[in-house]
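Student: I would like to take a close look at a single part of this protein chain and see how it fits with its surroundings. Could you please guide me through it in one connected account?

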Amino acid sequence: MHIVFKQIKLAGLATVLFFMTASSFAQSEASRWKAQFSVGLNSPNSGGFVSGFEGKTINFPTIQLGVQRMFKPQYGVKLDYGFNRLDYDSGSPYFKINYSRINAQFVCDLTPTANFLPAQLGVVAHAGPGFSMVKPLSGYSENNTSFLNAMAGLEFHYTVSRTLSVFLDTSYIYGFSSEFSPVSDGFGSFNGNLFTATVGVSVSLSGCYYCD
């Protein structure tokens with residue numbers, strides 16, 4: 001009986017160790033590739049509009065889609081696309097703008113250095129260059145413009161499961177644009193900077209088998 005009891009304890013210990021190892025591997029494996037989707041608001045810099053064509057301070061929607069690849073537990077890259085709708089402010093002629101951008105960004109997980117946060121919370125910084133495309137709608141559709149940009153932001157993640165987290169992203173997009181010349185090229189258009197705030201989900205697509 002004593003031998004049987006000892007075998008049961010050993011089997012139980014082995015089972016616990018197996019699941020702990022498997023869980024640890026699964027958690028590290030879950031971070032290699034991620035897909036992200038978020039929706040929220042944007043706030044354009046007023047200096048990006050020509051006089052008389054002011055836009056709203058807060059606009060909806062902002063939609064962001066991205067794919068992230070981690071090369072190390074804390075470092076990686078991501079490629080993401082953002083769509084923003086800008087609307088006219090009261091007192092301005094009617095116009096709407098589709099502001100799209102695509103960015104290649106460096107990603108840094110700051111969670112290990114933010115050890116004061118609860119276990120389920122994480123912080124991720126991202127920054128990198130990109131390209132912005134601005135397309136006015138309605139009567140000013142000929143005033144398209146495009147320019148290079150630089151984007152930087154912070155994501156605040158809440159872990160729901162091994163493969164899913166919800167997050168708040170706050171980002172600033174700086175546009176390397178030129179002045180509208182002639183000014184009429186800026187009617188109903190935009191060439192400035194943009195702040196975005198979105199809420200979304202991050203889903204693991206594959207593991208981190210080759211990560212250290």
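Tutor: In this predicted model, G192 is located in the loop between β7 (164-176) and β8 (194-206). G192 has a relative accessible area of 8%, and because buried means under 20%, G192 is classed as buried. Leaving aside neighbours within four places in sequence, the residues in contact with G192 are G48, F147 and G175. The C-alpha atom of G192 is also separated by 9.2 Å from that of S178, a residue 14 places away along the chain.

Two of the names that arise around this loop, G48 and S178, return in the description of a pocket. The second largest pocket has a volume of about 200 Å³. It is lined by 14 residues, and the closest to its centre are G47, G48, S178, E179 and N191. By character, the lining divides into 4 nonpolar, 9 polar and 1 charged.

F147, another contact of G192, leads to the nonpolar interior. F147 is in contact with Y99, as are G82, F83, N84, S132, M133, V134, I173, F190 and L194, when neighbours of Y99 within four places in sequence are left aside. Y99 belongs to the largest nonpolar core, which has 14 residues. Y99 is one of those with the most contacts inside this core, together with F49, L86, I97, V134 and F190. Two elements, β4 (96-109) and β6 (145-161), each give two or more residues to the core. In soluble globular proteins, nonpolar side chains tend to be buried together.

We may now follow strand β4, where S100 lies. S100 has a relative accessible area of 12%, and it is therefore counted as buried, the limit being under 20%. The side chain of S100 is joined to that of Y81 by a polar contact of 3.2 Å. Beyond its neighbours within four places in sequence, S100 is in contact with Y81, G82, F83, F131, S132 and M133.

One of these partners, F131, is found in strand β5 (residues 121-136). Its relative accessibility is 34%, so F131 counts as partly exposed, a class that lies between under 20% and over 50%. With neighbours within four places in sequence left aside, F131 is in contact with S100, R101 and I102, and also with S146, F147, L148 and N149. F147 thus appears again, here as a contact of F131, having already been named as a contact of G192. F131 and A150 are 19 residues apart in sequence, and their C-alpha atoms are 8.2 Å apart in space.

A second loop offers a further view. S92 is found in the loop between β3 (75-87) and β4. With a relative accessible area of 11%, S92 is buried. Not counting residues up to four places away in sequence, S92 touches G52, F53 and E54.

Finally, these details may be set in the context of the whole chain. The chain has 1 helix and 8 strands, and along the sequence they follow the pattern α-β-β-β-β-β-β-β-β. Of its 212 residues, 38% count as buried, and G192 is one of the buried residues. Among contacts between residues at least 6 apart in sequence, 65% join residues at least 24 apart.

Technical notes. Residues numbered from 1 in each chain as written. Predicted model: local features only at pLDDT ≥ 70, side-chain atom pairs only at ≥ 80, totals over all residues. Heavy atoms only, no water. Core = buried A, V, L, I, M, F, W, Y, C linked by side-chain atoms within 4.5 Å. Buried < 20%, exposed > 50% of the residue type's maximum accessible area, 1.4 Å probe, protein only. Helix = DSSP H or I, 4+ residues; strand = E, 2+ residues; numbered from the N terminus. Contact = heavy atoms within 4.5 Å. 1 Å grid on protein atoms, 1.4 Å probe; cavity = no way out; pocket = protein on both sides within 12 Å on 5 of 7 lines; lining within 4 Å. Points joined across faces, edges and corners; volume = space filled by probe spheres on them. Nonpolar A, V, L, I, M, F, W, Y, C, P; charged D, E, K, R; others polar. Polar contact = N/O pair within 3.5 Å; in protein donor to acceptor, adjacent residues only side chain to side chain.
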